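Here are my notes on the model you sent over, as numbered points. I'd suggest keeping the viewer open while you go through them.

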Amino acid sequence: MPANLTPAYLKADKWFREATTDEEKILALQEMMRVIPKHKGTEHIQADLRKKMSALKESAEKKKKATHGLLDIFHIPKSGAGQVVLLGLPNSGKSAIVAAITHAKAHVADFPFTTSIPLPGIAHFEDIKIEIVDMPPITAEFAPTGIVNTLRNCDIIGICVDLSGNIAEQIKVCFDFLEARRLMLDPNNPILDEGGKSLARKCFIIATKKDSAPPEAIDNLKKQLTRPMEISAISVTDRASLEKMLADVFRLLEIVRVYAKKPGHEVDMKDPFVLHKGSTVADLALLIHKELAEKLKTARCWASPGSGGKIHDGQNVHKTHILCDKDTIELHFA
Ligand SMILES: Nc1nc2c(ncn2[C@@H]2O[C@H](COP(=O)(O)OP(=O)(O)OP(=O)(O)O)[C@@H](O)[C@H]2O)c(=O)[nH]1
Ligand SMILES: [Mg+2]
């Protein structure tokens with residue numbers, strides 16, 4: 001009986017063949033097992049996939065034990081309100097961004113492959129911190145092995161495109177790289193891990209070196225995009241463009257800042273709690289302390305001016321109340 005393999009299966013198969021780590025191969029195999037047409041004609045392939053999966057899981061486990069305690073330079077622990085990992089071709093200006101908006105000692109140079117390992121830095125946006133990770137470059141032929149892990153674990157991928165260079169080539173290389181590894185969000189075909197979490201990441205374009213690009217470069221870039229994507233045009237010599245890029249990142253992170261107030265005390269406006277958009281008063285209590293959350297009785301809210309004036313200052317709110325950016329919340333416990 002013919003197997004009649006579908007385009008979705010062939011895509012996952014390509015992902016598997018191009019994967020360079022056991023973790024990535026396991027993800028691709030899971031996807032192949034999920035999308036393979038389930039009928040008699042594919043039974044032998046399904047059995048082969050199961051065999052490959054158990055061999056890979058065993059090998060991954062062995063490697064984990066063998067390298068226990070060793071540092072994985074491509075594993076960048078998250079810090080701050082969100083993590084942006086930069087992706088781009090050599091010389092596209094990744095390190096210059098990290099050097100311009102963080103205190104990290106990113107090495108900027110006018111020759112390719114200057115950066116060889118990831119380097120995180122902390123940028124400040126208003127009253128929160130955003131982590132920006134400088135990365136080694138990719139080309140059509142080469143990408144460092146661990147780079148997919150760094151990208152897979154971030155909140156947002158910042159695709160750096162040098163506006164003064166070959167825009168079409170940069171878009172093609174970066175999009176092909178991300179699509180082949182299922183790192184780009186695809187609402188029509190979401191890829192989830194075993195826990196139901198998305199394996200793809202939100203991406204946006206950081207269009208670099210706008211000071212030395214021809215005026216039509218941005219329009220040219222927009223024409224090259226095969227799918228809609230936000231663009232932040234920057235130059236490291238233009239502070240305002242970098243501030244605007246951080247504001248774009250803040251919006252893309254879809255988070256809210258909430259200031260906690262103890263009853264009878266002044267509000268602490270310096271160090272907000274950061275939650276996902278749509279979080280409630282109960283989520284805030286949980287973030288502050290699990291045990292306290294169980295004892296949460298009532299809450300009062302001083303809404304941010306941008307929330308539409310539906311809440312008056314100090315109004316009692318239910319624990320299911322959805323928080324807005326810059327709300328001040330006073331929690332009362334039993
Ligand atoms: N005119 C101008 N030059 C820039 C800008 N950003 C970066 N450059 C220059 O572009 C060159 C490459 O910048 P890098 O930041 O080192 O590029 P990279 O993407 O980190 O390069 P790799 O480490 O090889 O991946 C350097 O000479 C920078 O000075 C910019 O906004 N305007
Ligand atoms: Mg660099």
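In which sense do strand β1 and β3 pair, and over how many bridges? Parallel, over three bridges. Keep in mind that this is a predicted model; the points below start from the whole chain and come back to that pair.

1. Overall picture. The protein has 334 residues, and 32% of them are buried. I get 10 helices and 11 strands. Along the principal axes, the C-alpha atoms fill a box of roughly 70 × 55 × 40 Å. If you look at contacts with a separation of 6 or more, 63% of them link residues 24 or more positions apart.

2. Domains. The assignment splits the protein into domain 1 (7-66), domain 2 (83-253) and domain 3 (255-333). Between the C-alpha centres of domain 1 and domain 2 there are 29 Å. Nine residues from domain 1 and eight residues from domain 2 take part in the contact. On the domain 1 side, α1 (7-18) and α2 (22-35) each supply at least two residues, with α2 giving the most, four residues. The make-up of that side of domain 1 is two nonpolar, two polar and five charged residues.

3. The six-stranded sheet. Its order is β2-β3-β1-β4-β5-β6; the sheet is open and the pairing is mixed. β2 and β6 (231-233) sit at the edges with a single partner strand each, so each has one side without a neighbour in the sheet. Ignoring direction, neighbouring strands are turned by 30° against each other on average. Helix α4 packs on this sheet and touches β1, β2, β3, β4 (156-162) and β5 (202-208). The direction of α4 makes about 150° with that of β3.

4. Strand β3 up close. β3 covers residues 128-134, and five of its seven residues are buried, so the strand is largely enclosed by the rest of the structure. On the β1 side (residues 83-88) the pairing is the parallel one from the opening question. Two of the residue pairs to click on are Gln83 with its bridge partner Glu131, and Val84 with its bridge partner Ile132. With β2 (residues 119-125), β3 pairs in the antiparallel sense, over seven bridges. There, Phe125 has Ile128 as its bridge partner. β2 and β3 make a hairpin with two residues between them. In that turn, Glu126 has a positive phi of about 50°, so have a look at it if you go through the backbone torsions.

5. Around ligand 1. The shell holds 23 residues, and the closest are Ser95, Ala96, Asp110, Thr115 and Pro137. By class, the shell divides into eight nonpolar, 11 polar and four charged residues. Which helix gives the most to this shell? That is α4 (residues 94-101), with three residues. So α4 comes up twice in these notes, because the helix that packs on the six-stranded sheet also supplies the shell.

6. His107. You'll find His107 in the loop between α4 and β2. Is His107 buried or exposed? In between: His107 is partly exposed, since 13 other C-beta atoms lie within 10 Å, while a buried residue would need 20 or more and an exposed one 12 or fewer. Leaving out residues up to four places away in sequence, His107 touches Ser95, Thr114 and Thr115. Ser95 and Thr115 are also among the closest residues to ligand 1. As a distance check, His107 and Ala168 are 61 residues apart in sequence and 26 Å apart in space, C-alpha to C-alpha.

7. The five-stranded sheet. This one is open too, in the order β8-β7-β11-β9-β10, with mixed pairing. β8 (273-276) and β10 (315-317) stand at the edges; each has a single partner strand, so one side of each is left without a neighbour in the sheet. From one strand to the next, the twist averages 40°. Strands β9 (residues 296-302) and β11 (residues 327-333) run antiparallel and are joined by six bridges, with Thr298 paired to His332 as one of the bridge partners. Helix α9 (residues 281-288) lies across β7 (255-261), β8, β9, β10 and β11, at about 130° to β8.

How values were computed. Residues are numbered from 1 along each chain as its sequence is written. Chains are lettered from A and ligands numbered from 1 in the order in which they are written. This is a predicted model: local features need pLDDT of at least 70, side-chain atom pairs count only at pLDDT 80 or more; totals for chains, interfaces and linings use all residues. A residue is near a molecule or strand if its C-beta atom, placed from the backbone, lies within 6 Å of it. Ala, Val, Leu, Ile, Met, Phe, Trp, Tyr, Cys and Pro count as nonpolar, Asp, Glu, Lys and Arg as charged, and the others, Gly among them, as polar. Two strands pair if DSSP finds at least two bridges between them. Axes are lines fitted to C-alpha atoms, for helices over the stretch in contact, and angles run from 0 to 180 degrees between N-to-C directions. Two residues are in contact if their C-beta atoms, placed from the backbone, lie within 7 Å. Domain bounds come from an automatic or database domain assignment.
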